[in-house]
Amino acid sequence: MSSAPVSDPAEFIDESLQYESSWERAEDHQRRYGAGLEYYGASVGAVRGAVRNAERRYPGLGHDDVTALAAELWARPVFERRLAAVVLLQSFVPLLRHSDLTRIEGFLRSAQVPDLVDPLAIDVVGTLLLRLKDPDAARARTVVDRWAAAEEALLRRAAVLVHLPAFRAGEGDDAAFRRTVRLVSSARQGRFPTVEDAIALVRGSGAG
């Protein structure tokens with residue numbers, strides 16, 4: 001566990017992002033992603049750099065530190081803060097547990113844009129699923145099934161994309177993927193291009 005309060009690295013990351021801000025980029029982000037989030041106007045490289053510098057400044061972050069910091073960053077609807085939370089979780093996937101999917105589900109439900117959903121689903125959840133063993137893997141599959149039948153199209157997209165790392169690694173489960181597709185397709189909200197695109201992407205990686 002880190003000896004530094006969680007608020008310290010969160011403040012450090014936030015200040016770093018604001019220092020790297022650009023009103024031109026913020027306006028561009030708003031045009032691209034919409035008005036549902038706020039934007040500092042920091043680049044993706046600046047976000048990654050801020051998280052990397054925070055990891056060096058506050059070494060020894062444990063599981064509870066990482067998940068609490070991700071939640072603190074996500075709490076404000078600022079695109080760059082939320083992207084920083086995603087980058088943080090990507091860096092610490094080996095520490096994550098199946099029980100963290102509940103918190104991640106909250107992130108996915110409020111993400112609003114595929115640019116936050118996709119890396120969470122693929123790089124964080126999908127990578128986590130690759131190393132889970134029963135009974136944790138069975139519990140995780142139950143969570144993914146819930147996402148696949150959810151009202152939110154982006155949550156259904158996430159349920160599809162979590163299969164991608166396994167198929168890219170040659171370890172994909174065709175039966176599990178087909179189950180997800182059936183659940184997604186039977187959702188009463190109907191078919192959405194954002195979900196259909198995800199299905200096509202996973203199938204293009206070898207899914208049956």
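This report covers the salt bridges, the largest pocket and two buried residues of a predicted model.

## Salt bridges

The whole structure holds eleven salt bridges. Three of them are set out below, with their nitrogen-to-oxygen distances.

| Acidic residue | Basic residue | Distance, N to O |
|---|---|---|
| Asp-115 | Arg-32 | 3.3 Å |
| Glu-105 | Arg-146 | 2.5 Å |
| Asp-145 | Arg-179 | 2.9 Å |

Start with Asp-115 and Arg-32, whose side chains meet at 3.3 Å. Asp-115 sits in helix 7 (residues 114-131) and Arg-32 in helix 2 (residues 23-33), so this salt bridge ties together parts that lie 83 residues apart in sequence. Asp-115 is partly exposed, at 32% relative accessible area. Arg-32 counts as exposed, at 56%.

Next comes the salt bridge between Glu-105 and Arg-146, at 2.5 Å. Glu-105 belongs to helix 6 (residues 101-110) and Arg-146 to helix 8 (residues 136-148); the two are 41 residues apart, and the pair links distant parts of the chain. Is Glu-105 buried or exposed? Glu-105 counts as buried, because its relative accessibility is 8% and the cut-off for buried is under 20%. Arg-146 is partly exposed, at 39%. This pair is also part of a wider group: Glu-105, Arg-109, Arg-146 and Glu-152 are linked in a network of salt bridges.

The third pair is Asp-145 and Arg-179, at 2.9 Å. Asp-145 lies in helix 8 and Arg-179 in helix 11 (residues 174-186), so the salt bridge joins parts 34 residues apart in sequence. Arg-179 is partly exposed, with a relative accessible area of 39%.

## The largest pocket

The largest pocket holds about 460 Å³ of space. Its lining consists of 20 residues. Which of them lie nearest the centre? They are Leu-129, Arg-141, His-163, Asp-173 and Ala-176.

Several helices build the lining. Helix 7, helix 8, helix 10 (164-168) and helix 11 each supply at least two residues. Helix 8 gives the largest share, with seven residues. By chemical class, the lining divides into eleven nonpolar, four polar and five charged residues.

Helix 8 therefore turns up in both topics: it carries Asp-145 of the salt bridge to Arg-179 in helix 11, and it contributes seven residues to the pocket lining.

## Two buried residues

Thr-67 is placed in helix 4 (residues 63-75). Thr-67 is buried, with a relative accessible area of 5%. Its side chain reaches the backbone oxygen of Asp-64 at 3.3 Å. Leaving out residues up to four places away in sequence, Thr-67 touches Leu-96, Asp-100 and Arg-103.

Phe-92 is found in a loop, the one between helix 5 (79-91) and helix 6. Phe-92 nevertheless counts as buried, at 16% relative accessibility. What does Phe-92 contact beyond its neighbours within four places in sequence? Its partners are Glu-55, Leu-61 and Val-66. Ser-22 is a separate reference point: the C-alpha atoms of Phe-92 and Ser-22 are separated by 29 Å, and the two residues are 70 residues apart along the chain.

## In brief

Three salt bridges described here join helix 7 to helix 2, helix 6 to helix 8 and helix 8 to helix 11. The largest pocket is lined by residues that include Arg-141 and Asp-173. Thr-67 is buried in helix 4, and Phe-92 is buried in a loop.

Terms used:
Residues numbered from 1 in each chain as written. Predicted model: local features only at pLDDT ≥ 70, side-chain atom pairs only at ≥ 80, totals over all residues. Heavy atoms only, no water. Salt bridge = Lys/Arg side-chain N within 4 Å of Asp/Glu carboxyl O. Helix = DSSP H or I, 4+ residues; strand = E, 2+ residues; numbered from the N terminus. Buried < 20%, exposed > 50% of the residue type's maximum accessible area, 1.4 Å probe, protein only. Contact = heavy atoms within 4.5 Å. 1 Å grid on protein atoms, 1.4 Å probe; cavity = no way out; pocket = protein on both sides within 12 Å on 5 of 7 lines; lining within 4 Å. Points joined across faces, edges and corners; volume = space filled by probe spheres on them. Nonpolar A, V, L, I, M, F, W, Y, C, P; charged D, E, K, R; others polar. Polar contact = N/O pair within 3.5 Å; in protein donor to acceptor, adjacent residues only side chain to side chain.
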